[in-house]
Amino acid sequence: MTNTTTNVSRVADIVAKTLHAHGVRHAFGVPGGEVVTLIDGLEKAEISFNLARHESSAAIMAAGASAISGRPELLVTTVGPGLANAVNGIADALQERVPLIVVSGIVDRGTRARYTHQVIDHTQLLRPIVKASFEIEPESAASTVARALTIATTEPMGPVHLDLSPMVAALASPNSKIITPPTQFGTSVSVTDPGVRHLAERIRAAERPIILAGLEAARNNAGAALQHLAETIGAPVITTYKAKGLLSEDHPMSLGGAGLSPLADKVMLSLVNKSDLVLMIGYDPIEMRLGWLDFVEDRSNLVDIGKTAPDHAMHHAGTRVTGDPKAIVQALNGSVIEKQTWINAEPRVAKDELGQIFATRTAWGPHAIVDRLNDTAGTDGLVTADSGAHRILLSQKWVATKPFSLLQSAGFCTMNAALPLAIGAKVADPSRRVFAVMGDGGLEMGIGELATLRDLNLSVTIVLFQDRSLALIALKQASAGLAPAGVTLGETDFAAVARGFGGYGVNVENSDEFSRELEAAGKRGGFSLIACRFDANAYDGAF
């Protein structure tokens, strides 16, 4: 039972205060009896607890909040089935490099060896999908939480799990000291650094340089420095999907995102193979597909710039410069001079070809929907995308002018990610307009989170691509010469469902209706769902 009549700190309070000291402001989850004291401690520490309808969605909500806040965020689950439900969301956090703290209730130690109801080995369950797992003890609660936060936020970032029993959570803490994060000082990288000098010499000798940038560069706010380098040395910029907007995609040097569309990758890989210097800046190939295995024939042309050593064999760089990507690029900017490269204008030709591939074909359909949405969202809107055919098209066609303006599951590619990502992002920044772009299959997987939107009173616009099909799988079946099987979806009236959950719902079947509804949704309180209906064959040959 929670003791509200004393100022004595409980272990749960020490846990919550330590989380708060390290920047955690938002918790998501589904409560159970084993975590009620923790939730009370979180609220007292001014960490808001947001009730989700499923633990996997709650984990992805925390990921959305973290992407916007730039800080670790929290998932809270109860014992057994609560944590087991969260496995998909925690695995997503691992592959999406999210600094997620997972606190799960656990049976008290005194009965754990005898009691079997809802008991599973949490550590063994999560071993492949967390960076570390610990149990919180009374004497070392603050230190354990601080350690978990340090591990979670060390590149490559990822989830860390903590077990907390209800008895321990409610105990008066024997140690009220809070472990705060250390004062951080970044080390400068100078133009005289051997690695920088080597890169500058390579750049001076290169005639066809190209930049491939990823999530780590976006997290390190390397955009301005990267743009200066690209303009100075005439290097076109390709990004992973999670780094879209690192260089504004309306910039002439930007070729947009890569890794999922065979048509786009064919153009970009052709250009990369013509390059004599590929600068990988904060690049993580976890987002890429098999076409990017050993994507540079001569590995001596491949330079890897980032904080962490590779944990993959997707490629083997000839040169690695270890350090903060932004600092290294800034030092390079002080070392190189403006030069003319790509004298045959191949990057401009590639950009034009990409534009033609993804040009809008008809007045209504997935291409037109992306166009109208891009116009409405502008430079300040935030869009989340679910997995499916619509995501591939959106990720290529969307013009991102800022980093983290398009959020998606790009490493794990789980379905039902867009809505929880949107909820988390909106909780972290209520002032920003947020759009969740989903397929009908994805929404039906997690439709209960419409109730979360309602109860949190979040103004989120859901743009539903309703083609009554698992279209991406159907396309893969067709490309393999197979008949469609298990991919047809029935006709759900999602507009009626949205209204049933207390939101606004409407079905649209042309671009003018869609534009009007997008504009109206931005002026309306609560959530809006716009179901855009078209035939699945509209994706044929699209990407």
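In this predicted model, helix α3 lies across three strands, β1, β3 (73-77) and β4 (100-105), and its direction makes an angle of about 170° with that of β3. The strands beneath α3 belong to an open sheet of six strands, arranged in the order β2-β1-β3-β4-β6-β5 and paired in the parallel sense. At the edges of this sheet stand β2 and β5 (132-135), each of which has a single partner strand, so that one side of each is left without a neighbour in the sheet. Neighbouring strands of the sheet are turned against each other by 25° on average, when direction is ignored. At the β2 edge, strand β1 (residues 26-29) and β2 are joined in parallel over four bridges, and within this pairing Gly29 has Leu51 of β2 as its bridge partner.

Helix α3 (residues 55-69) also packs against a second helix, α18 (residues 418-428), with the two axes 6 Å apart and at an angle of about 45°. An angle of this value falls outside the ranges for roughly parallel, roughly antiparallel and roughly perpendicular, and α3 and α18 are therefore oblique to each other. The crossing of the two helices is right-handed. On the α3 side, the residues that take part are Ser57, Ile60, Met61, Ala63, Gly64, Ala65 and Ile68, and these meet Pro420, Leu421, Ile423, Gly424, Ala425 and Ala428 of α18. Several of these positions can be read with the geometry of a helix in mind: an α-helix has 3.6 residues a turn, so residues three or four places apart point the same way.

The elements described so far come together again around helix α20 (residues 449-456), whose buried residues are Glu449, Leu450, Ala451, Thr452 and Leu453. These buried residues pack against β2 (48-51), α3 and α18, and also against β16 (460-466) and α22 (494-500). Thr452, which has its place in α20, may serve as an example. Its relative accessibility is 0%, and because buried means under 20%, Thr452 counts as buried. When neighbours within four places in sequence are left aside, Thr452 is in contact with Leu51, Ala52, Arg53, Met61 and Ile423. Of these contacts, Leu51 is the bridge partner of Gly29 in the β1-β2 pairing, while Met61 and Ile423 are among the residues that take part in the meeting of α3 and α18. After α20 comes Asn457, which has a positive phi, near 55°.

A further open sheet of six strands, with parallel pairing, follows the order β9-β8-β7-β10-β11-β12. Its edges are formed by β9 (254-257) and β12, and since each has a single partner strand, one side of each is left without a neighbour in the sheet. From one strand to the next the twist averages 15°. Towards the β9 edge, strand β8 (residues 237-239) pairs with β9 in the parallel sense over three bridges, and Val237 stands opposite Ser254 in β9. Helix α12 (residues 223-233) packs on this sheet, where it touches β7 (209-213), β8 and β10, and its direction makes about 165° with that of β7.

Within the same sheet, strand β11 lies between β10 and β12 in the strand order. Four bridges join β11 to strand β10 (residues 277-281), with which it runs parallel, and Leu279 stands opposite Val303 in β11. Another four bridges join β11 to strand β12 (residues 319-322), again in parallel, and here Ile305 stands opposite Val321 in β12. Strand β11 (residues 302-306) is mostly covered, as five of its five residues are buried. Leu302, Asp304 and Gly306 point one way from the strand, whereas Val303 and Ile305 point the other way, and all of them are buried.

Pro174 offers a contrasting case, being found in the loop between α9 (166-170) and α10 (194-205). With a relative accessible area of 55%, which is over the 50% cut-off, Pro174 is exposed. Apart from residues up to four places away in sequence, Pro174 touches Pro138 and Glu139. Pro174 and Leu458 are 284 residues apart in sequence, and their C-alpha atoms are 40 Å apart in space.

Finally, the cysteines were examined. The count of disulfides comes to zero, by the rule that a pair of cysteine sulfur atoms must lie within 2.5 Å. Cys413, at 22% relative accessibility, counts as partly exposed, whereas Cys532, at 0%, counts as buried.

How values were computed. Residues numbered from 1 in each chain as written. Predicted model: local features only at pLDDT ≥ 70, side-chain atom pairs only at ≥ 80, totals over all residues. Heavy atoms only, no water. Buried < 20%, exposed > 50% of the residue type's maximum accessible area, 1.4 Å probe, protein only. Contact = heavy atoms within 4.5 Å. Pairing = 2+ DSSP bridges. Axes fitted to C-alpha atoms, helices over the stretch in contact; angles between N-to-C directions. Parallel < 35°, antiparallel > 145°, perpendicular 65-115°, else oblique. Left-handed = near helix turned anticlockwise from the far one by under 90°.
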